[in-house]
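Hi,

Here's the structure I promised to pass on. Have a look first, and my notes follow underneath.

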Amino acid sequence: MHIDTDLMSSPETRQTSNVTLTHLQRLEAESIYIMREVVAQCKNPVMLYSVGKDSSVMLHLALKAFFPARPPFPLLHVDTGWKFKDMIAFRNRRIKELGLELHVHTNPNGLAQNVGPFTHGSSAHTDVMKTQGLKQALDKYKFDVAFGGARRDEEKSRAKERIFSFRNAQHRWDPKNQRPELWHNYNARVAPGESMRVFPLSNWTELDIWQYIYKESIEIPDLYFAAARPVVERGGQLIMIDDNRMPLNAGETAREKMIRFRTLGCYPLTGAVLSNATTLPEIIQEMLLTTTSERQGRLIDSDSNASMEDKKQEGYF
Amino acid sequence: MAYQDTLITDDISAYLDERENKNLLRFITCGSVDDGKSTLIGRLLYDRKLLYEDQLDAIEKQNINSGMQNRDINFASLVDGLAAEREQGITIDVAYRYFSTKKRNFIVADTPGHEQYTRNMATGASNADLAIILINARKGILEQTKRHSYIASLLGIKHIGVAINKMDLVDYSHDRFREIVDAFSAFSKDMGFASIQYTPMSALSGENITAKSEKMPWYDGPCFLAHLETVDTSTQTDHASFRFPVQWVNRTDANFRGYCGTIASGQIQPGTEIIVIPSGQRSAVKEIVTIDGPLEMAAQFQSVTLTLENEIDISRGDIICGIDNPAQQSDQFQAHILWFSEKKLYPGRNYLLKTPNKIVPVSITSLKHKINVNDFSKRAGKTLSLNEIGVCNLSLSSPIAFDPYKLNKTTGNFILIDRQSNETIGMGFLDFSLRRASNIVWQDLEIGKVQRAQQKHQKPAVLWFTGLSGSGKSTIANLLEQKLHDMGRHTYVLDGDNFRHGLSKDLGFTNADRVENIRRVAETAKLMSDAGLIVLVSFISPFRAERNMARRLMDDGEFIEIYVNTPIEVAEQRDVKGLYARARSGEIKNFTGIDSEYQAPQTPEIEVSTTTLPAEKAAEQIVEYLNINGFLETHT
C-alpha cells in the first residue's frame with residue numbers, strides 16, 4: 001500500500017510528520033504489529049484459516065508482516081465436512097499457490113458417528129465438529145497461540161474481547177476476568193497447557209474488510225459474488241443445496257436464484273441473500289444499503305441471547 | 001456501521017474514497033456507575049440510525065423478556081455484551097463500538113464505572129485520544145469521576161468532554177450545570193488537559209445528543225455529536241524524534257537481515273543515520289522493505305522492515321533512533337504505577353516489567369508515596385492495593401532504552417507481570433532515570449569469588465531452610481553447621497531471630513515488611529557466598545515469590561532450598577518459644593500459620609519431615625545431598 005500524501009493540506013495532518021496514514025493503512029499497520037508480536041513472544045503459533053473473507057485478509061496481512069520471509073507458522077483449517085465445495089477447492093488452490101503449510105483437522109469421533117447438521121441439529125454439529133474439533137487440533141499440535149479472524153463489530157460479546165485473549169488449559173474464556181490490555185503492550189505469557197487466541201482484525205469493521213479486499217485485490221471465494229445457485233427456503237433463510245446430502249422436506253423445492261453469501265460456514269447453516277452484486281463495489285454498495293447485520297446469516301447465533309458468549313466460553317472462536 | 005449517504009447509491013467509489021480519507025477519532029466514555037455511559041452510546045447509535053434492524057429486533061425481544069412494560073429501548077443493552085452484565089445491569093468490561101458519520105470514523109470504548117473494574121477502564125483509555133467523562137447532574141462529582149479524570153490525565157489524554165448527564169432529573173437547571181462546571185474545572189486545573197468541552201444532556205431522552213436541545217436554550221455550545229465531529233485532537237503529545245522499537249529480527253537467509261517494527265514517532269528515509277539504544281552502535285538505513293516494494297519514506301504508526309548499511313548486533317527490545325535526540329537508557333527509574341491486582345504490591349518483591357518490546361525482571365526498590373484520588377495529595381504507604389496509584393523507584397536487572405512517558409507514550413510505557421500466574425498486575429509510566437545506571441557500576445575487584453572459594457578449598461552454597469515457626473529449622477541448621485565445621489568447611493548461619501535484632505530491627509511482621517526482610521537476608525547471603533562461604537539461612541520465609549527471588553539472586557546451582565516440613569499441629573504442640581500460644585490469644589498479629597499464610601515449596605531440593613526424622617538424621621541427609629552433588633569435594 002502506498003502512502004497517501006494528498007492529505008498534506010488537511011487540517012488534521014499532524015504537524016510533526018509529513019505523511020498521514022489513511023484509516024485502512026492504520027488498521028493494516030496495527031494488524032501487522034500484532035502478528036509480529038505473537039511470533040516474537042510465542043513458541044508455537046498457528047493461524048486459523050476458515051477460507052472466508054476475513055481469513056483471506058488475515059493471510060494477506062501475514063504475507064506482508066513477514067516479507068521477504070514466509071509467515072513463520074502453519075495454517076489450520078478445522079474442516080467440519082460440511083463446508084461449501086467451492087471453499088475447499090479455493091483453499092487447496094491458494095495454499096498450493098502460496099506454498100504454505102496447512103493442517104486440516106476433522107474431528108474423528110464426529111466423523112465416525114456421522115455427525116452432521118441435518119441428523120444432529122445445528123448446535124450439536126457445531127459443538128462436535130467445530131468447537132471440539134478445534135480443541136483437538138490445538139492439543140494435538142500443542143499450539144500455544146492461535147490467530148483468529150474475528151472482529152469486534154461482528155457481535156456483542158466479541159466487542160468485549162481482548163486482542164490477546166487468554167484461554168486456560170481447558171480452552172475456556174473467562175469474560176468476567178480478562179487480562180488488562182494496555183496500549184499496544186501485549187502480554188502473551190502463558191503456562192504450559194494454557195493458550196492465547198489472538199485477533200489481529202479486532203478493530204476492523206465489515207466495511208473495512210471489503211474496502212481493503214477491493215483496494216488490495218485480495219482473492220476471495222466466488223460464493224461471495226452473486227450467481228444463479230440452487231436454493232430452498234427454510235426457516236426464513238435461503239439455504240443452498242451444495243451436495244446430495246441435503247434432504248428436502250415435504251413441500252420444499254429447489255429453485256435457481258441469484259444469490260450470494262455475506263459470510264461462509266457450513267453450507268446447511270449459512271443463509272444466502274438474494275443479490276445481483278457481481279463486483280466488489282456492488283457488494284459494498286449492497287452491504288451499505290442493507291439493514292441487517294452480517295452474522296444474521298449464521299444460524300448458530302440466534303439460539304439464545306448469550307449464544308456466542310456461551311460458545312466462546314466453551315472454546316469456540 | 002456506516003451512516004446512510006446519497007453517495008452510496010450515486011457513486012460508490014467516491015463514497016469509499018471519502019471514507020478512507022476521513023480521520024479517525026478513538027474515544028472512551030468513563031465516569032461513575034449509573035452516570036449513563038452505556039445509555040449515551042446506545043442513544044447515539046440509535047438516533048443516528050447506526051444500528052441494524054436485527055439488532056433492534058433482538059433488543060426489543062430482550063426488553064420484553066426482562067419484563068419491561070413499554071417499547072422503550074434499553075439503550076445500555078446495546079453495548080453491555082456479556083450475559084453477566086445484562087443480568088446485573090452493570091458494565092464489567094470495556095466494549096468497543098465502531099461507527100462513522102459524514103465527518104469522521106469513530107472507535108468508542110465504553111468503559112465500566114465500578115471501581116472494582118478500574119483496570120478495564122484503563123484498558124479502554126490507554127489507546128484513546130479523547131475521554132468523555134460522564135457526570136450525573138443530580139449526584140455531581142464523585143470519587144470515580146476524579147479517579148477516571150486522573151487516570152485519563154496520567155495516560156496523557158489531552159482532550160476531555162464532560163458530559164453532564166441526567167439533566168432531566170434537575171429540571172434542566174442552568175445553575176446546577178454551572179455548579180458542576182466550576183467544580184470540575186477547579187479540581188482538574190493541574191491535569192494538563194488541552195481542551196475541555198462541557199455539555200449538558202439527557203442521554204435517556206435524547207437531549208443535546210445529536211441535535212441542540214430546546215429544553216436548555218441557555219446552552220450555546222455544540223451538542224454531543226457535534227463536539228465529537230469537530231474536536232481537534234491533533235495536539236501532538238509525542239515528540240517528533242525517530243523511534244523504532246525492534247519487535248522481531250527477520251532473517252530469511254544468510255543474505256537478508258531486516259528489523260521489523262512499528263514507527264513509534266518521527267519518520268525515516270533510506271540513508272538516514274541511526275543509533276541503536278542501549279548498545280550505542282551507529283549505522284544508516286539502507287532500505288525500507290515492504291512486500292509492495294521499498295518505500296521512499298516511512299512515518300509514525302507504519303509497520304515496516306528496515307535493513308541497515310552495516311552488520312550490527314540488534315535484537316528485540318532495542319530501539320533504533322535518529323541520531324538527533326536519541327532515546328535514553330537506564331536500569332533505575334522513577335515511575336507512576338497503577339496497581340490492578342488483589343495481591344498487593346510489595347517493595348522488594350520481584351516482578352517482570354514489560355515495555356512494548358522487552359521483558360526484564362524488576363524490583364520495586366521503594367514506594368515514594370501513594371496518590372489520594374480524592375484530593376490528589378501524596379500519602380505515605382508501604383504497599384499498593386488494588387486500584388491504587390503510587391510513585392515508585394524501580395530497579396531493573398538490565399538496562400532498557402526509553403523516553404519519559406510524557407514525551408513518548410510508546411517508549412515510556414510498561415506493564416508489570418506476575419512471575420507465577422503471568423497475569424498483568426499493573427501499568428506504569430516511566431518518569432525519569434535515576435541516573436544510577438551510569439554512576440554505580442559493580443566494582444570489579446582483583447580477587448573474585450573463584451579465588452576466595454579456592455582459598456577455602458570449597459564450593460560456595462546457600463542452604464535456605466524454610467518452614468513454620470518451631471518446625472526445627474534452626475536446630476537442624478545448627479547441627480549441620482557443626483558437621484560442616486568439623487569437616488573443615490567455612491560456614492555462616494543467618495538466623496531469622498538474630499537477623500531481626502540487627503540488620504532488620506526496623507521491620508515488623510506485615511507482609512510488606514516480611515518481603516523486605518527476605519530481600520535483605522537474600523542479599524546478605526549473596527555477599528557471603530561471594531566471599532566463598534557456605535551460608536545457612538534459617539528463615540520462615542513464608543512466600544514463594546521471595547524464595548524464588550533469592551534463588552534467582554544466586555549463581556546457578558548454588559541455591560539449595562530445604563523445606564523443613566512440620567505440620568502446624570506438631571509445631572504448635574512443641575511451641576518452644578511460646579509464640580503459638582500468644583498468637584492464638586491474639587497477642588501477636590500476623591503470625592505465620594495462624595493469621596498469616598505459609599506457602600510451602602513446590603519443588604525444594606531437599607525436604608525433611610521432622611515428624612518421622614530426628615534432627616540429627618535430617619542434618620545427615622543434607623550432608624549426603626551435598627556430597628552427592630559435589631559441594632563437599634575438596635577444591636584446590
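Starting with chain A: the accessible surface comes to about 11,900 Å², and 50% of that belongs to carbon and sulfur atoms (Shrake-Rupley areas with a 1.4 Å probe; for residues, only the protein chains shown count as cover). Before you read on, this is a predicted model, where local features need pLDDT of at least 70 and side-chain atom pairs count only at pLDDT 80 or more, while totals for chains, interfaces and linings use all residues. Residues are numbered from 1 along each chain as its sequence is written, chains are lettered from A and ligands numbered from 1 in the order in which they are written, and side-chain values use heavy atoms, with hydrogens and water left out.

Chain A has nine helices and 10 strands (DSSP runs numbered from the N terminus: helices are H or I, at least four residues; strands are E, at least two). Of its 317 residues, 62% are buried (under 20% relative accessible area; exposed is over 50%, partly exposed in between, 1.4 Å probe, protein chains only).

Over in chain B, I looked at helix α18, residues 615-628. Its buried residues are B:Ala618, B:Ala619, B:Ile622, B:Val623 and B:Leu626. They sit on the same side of α18(B), because they cover an arc of only 145° around the axis (taken from the directions from the helix axis to the C-beta atoms). B:Glu624 and B:Ile628, on the other side, are exposed. Among what covers the buried residues are β23, α12, β26 and β27 of chain B. After α18(B) comes B:Gly630, with a positive phi near 80°.

Cheers

Conventions: The expected span of a helix is 1.5 Å times one less than its number of residues. Contact means heavy atoms within 4.5 Å.
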